[in-house]
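Student: Please take a close look at the largest pocket in this model. By class, what residues does its lining have? Then go outward from the lining to the parts of the chain that its elements lead to.

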Amino acid sequence: MTAFNACLFCGRYVLQVPGWTTLLKSYRMLRASWVPDEAFLEGAFHHSCLRVSPHRHAFREDALLMLTRGDHDIEAEIDGKVLRHRRPGMAFTEPVYSGPSGDLFRHVNTDDWVFVEKSGPWHFLSAAEVRTLTADGVLRKSVETGPTRLPRDPGESVGDWSLPTLLDFLEVRDLYQEVLDRLDPEYTFYEYSALPPKFFLDYSVECVQPLPVDLVEFLGGYTYRSRSLDWEEDGV
């Protein structure tokens with residue numbers, strides 16, 4: 001498996017499912033202070049694995065800086081030297097809600113939102129998704145990641161597999177059992193390509209988002225107002 005297939009916290013396969021996993025790119029420059037010889041994290045993780053990791057608080061602390069600030073300087077140790085880097089922040093700078101499960105922020109210049117759990121994982125929300133939650137209390141979301149590399153050849157019958165069968169093949173069904181039991185997933189197979197020694201699956205998954213109850217209750221009573229931007233004032 002490549003770094004983008006193996007969970008950063010448990011090492012097992014990560015099949016991308018919205019709200020259940022995150023793919024973290026190196027350009028986000030999240031620090032890996034607990035990983036020897038690594039300056040920044042790159043790869044994917046199961047949210048459930050992060051929630052029980054002993055490193056979840058250090059991860060969340062740095063993730064909050066990346067998510068809720070503009071570009072800013074950070075320090076990281078590389079090859080025994082402490083170097084200063086300019087990290088591109090995501091600028092979700094406006095706090096909207098803080099509750100027992102986490103914190104909700106709104107972007108400084110766009111009508112986008114992020115909810116950061118106390119245990120580390122985060123969930124991006126568009127304005128339309130926030131409106132759906134305020135109206136219905138339930139949000140379905142899909143992910144299309146492009147071809148993902150499988151650990152071995154599943155055979156041509158992979159196109160007929162269900163999501164549970166695929167998870168069994170990947171030996172991670174236990175990590176996704178709650179998706180199957182509670183989130184009403186809709187799995188779509190697109191294409192399989194065998195290019196030994198590489199095997200690629202193109203698919204999508206749509207499911208109910210496993211958002212915390214207190215966030216959903218807050219948004220249920222929240223009066224959504226679209227953001228009217230003053231580009232000159234914002235300095236954009």
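**The largest pocket and its surroundings**

Tutor: Sorted by class, the lining of the largest pocket has 13 nonpolar, nine polar and three charged residues. The model is predicted, and everything below is computed from it. The pocket has a volume of about 550 Å³ and is lined by 25 residues. T21, T22, L23, W122 and F124 lie nearest its centre. Four elements each give two or more residues to the lining: β1 (21-24), α2 (56-68), β8 (122-126) and β9 (140-143).

Start with H47, which touches several of the residues just named. H47 lies in helix α1 (residues 47-51) and counts as buried, because its relative accessibility is 1%. Setting aside residues up to four places away in sequence, H47 touches G19, W20, T21, T22, P121, W122 and H123. Of these, T21, T22 and W122 are among the residues nearest the centre of the pocket.

Next comes the loop between β1 and β2 (43-46), where M29 is found. M29 has a phi near 60°, a positive value in a residue other than glycine. Most residues other than glycine have a negative phi. The relative accessibility of M29 is 13%, so M29 counts as buried; the cut-off is under 20%.

M29 is also one of the contacts of R87. R87 lies in strand β4 (residues 81-87) and, at 0% relative accessibility, counts as buried. Its neighbours within four places in sequence aside, R87 is in contact with R28, M29, L30 and R31, with D62, L65 and M66, and with G70, D71, H72 and I74. D62, L65 and M66 fall in the range of α2 (56-68), an element of the pocket lining. One of these contacts is polar: the side chains of R87 and D62 meet at 2.9 Å. For contrast, R87 and G99 are 12 residues apart in sequence but 28 Å apart in space, C-alpha to C-alpha.

On the β9 side, R140 can be followed to D184. The two are 44 residues apart in sequence and 9.2 Å apart in space, C-alpha to C-alpha. D184 is found in the loop between α5 and β11. D184 touches R140, V179, E206, C207 and V208, with residues up to four places away in sequence not counted. Like M29, D184 is a residue other than glycine with a positive phi, here near 50°.

The elements that flank D184 also appear around helix α4 (residues 163-170). In α4, L163, L166, L167, F169 and L170 are buried. Viewed down the axis of α4, these residues fall within an arc of 155°, so they line one face of the helix. They pack against β10 (148-150), α5 (173-182), β11 (186-195) and β12 (198-208). Just after α4, E171 takes a positive phi of about 60°.

Two loops in this part of the chain deserve a note. P197 has its place in the loop between β11 and β12, and the peptide bond from P196 to P197 is cis, with omega near 10°. Most peptide bonds are trans. G155 sits in the loop between β10 and α4. With a relative accessible area of 23%, G155 is partly exposed. G155 and K81 are 74 residues apart in sequence and 48 Å apart in space, C-alpha to C-alpha.

Helix α6 (residues 213-220) can be read in the manner of α4. Its buried residues are D214, L215 and L219. They cover an arc of only 135° around the axis, which puts them on the same side of α6. V213 and E217, on the other side of α6, are exposed. The buried residues of α6 pack against β5 (94-98), β6 (102-106), β7 (112-117) and α3 (127-136).

To return to the pocket: β1, α2, β8 and β9 each give two or more residues to its lining. H47 touches T21, T22 and W122, among others. The side chain of R87 makes its polar contact with D62, and D184 touches R140.

Note on methods
Residues are numbered from 1 along each chain as its sequence is written. This is a predicted model: local features need pLDDT of at least 70, side-chain atom pairs count only at pLDDT 80 or more; totals for chains, interfaces and linings use all residues. Side-chain values use heavy atoms; hydrogens and water are left out. On a 1 Å grid over the protein atoms alone, a cavity is a set of points where a 1.4 Å probe fits but cannot get out, and a pocket is an open set with protein on both sides within 12 Å along at least five of seven lines; lining residues have an atom within 4 Å of a point. Grid points are joined across faces, edges and corners, and a volume is the space filled by probe spheres set on the points. Ala, Val, Leu, Ile, Met, Phe, Trp, Tyr, Cys and Pro count as nonpolar, Asp, Glu, Lys and Arg as charged, and the others, Gly among them, as polar. Buried means under 20% relative accessible area, exposed over 50%, partly exposed in between (1.4 Å probe, protein chains only). Contact means heavy atoms within 4.5 Å. A polar contact is a pair of N or O atoms within 3.5 Å; within protein, one must be able to donate a hydrogen and the other to accept it, and residues adjacent in sequence count only if both atoms are side-chain atoms. The arc is that of the directions from the helix axis to the C-beta atoms.
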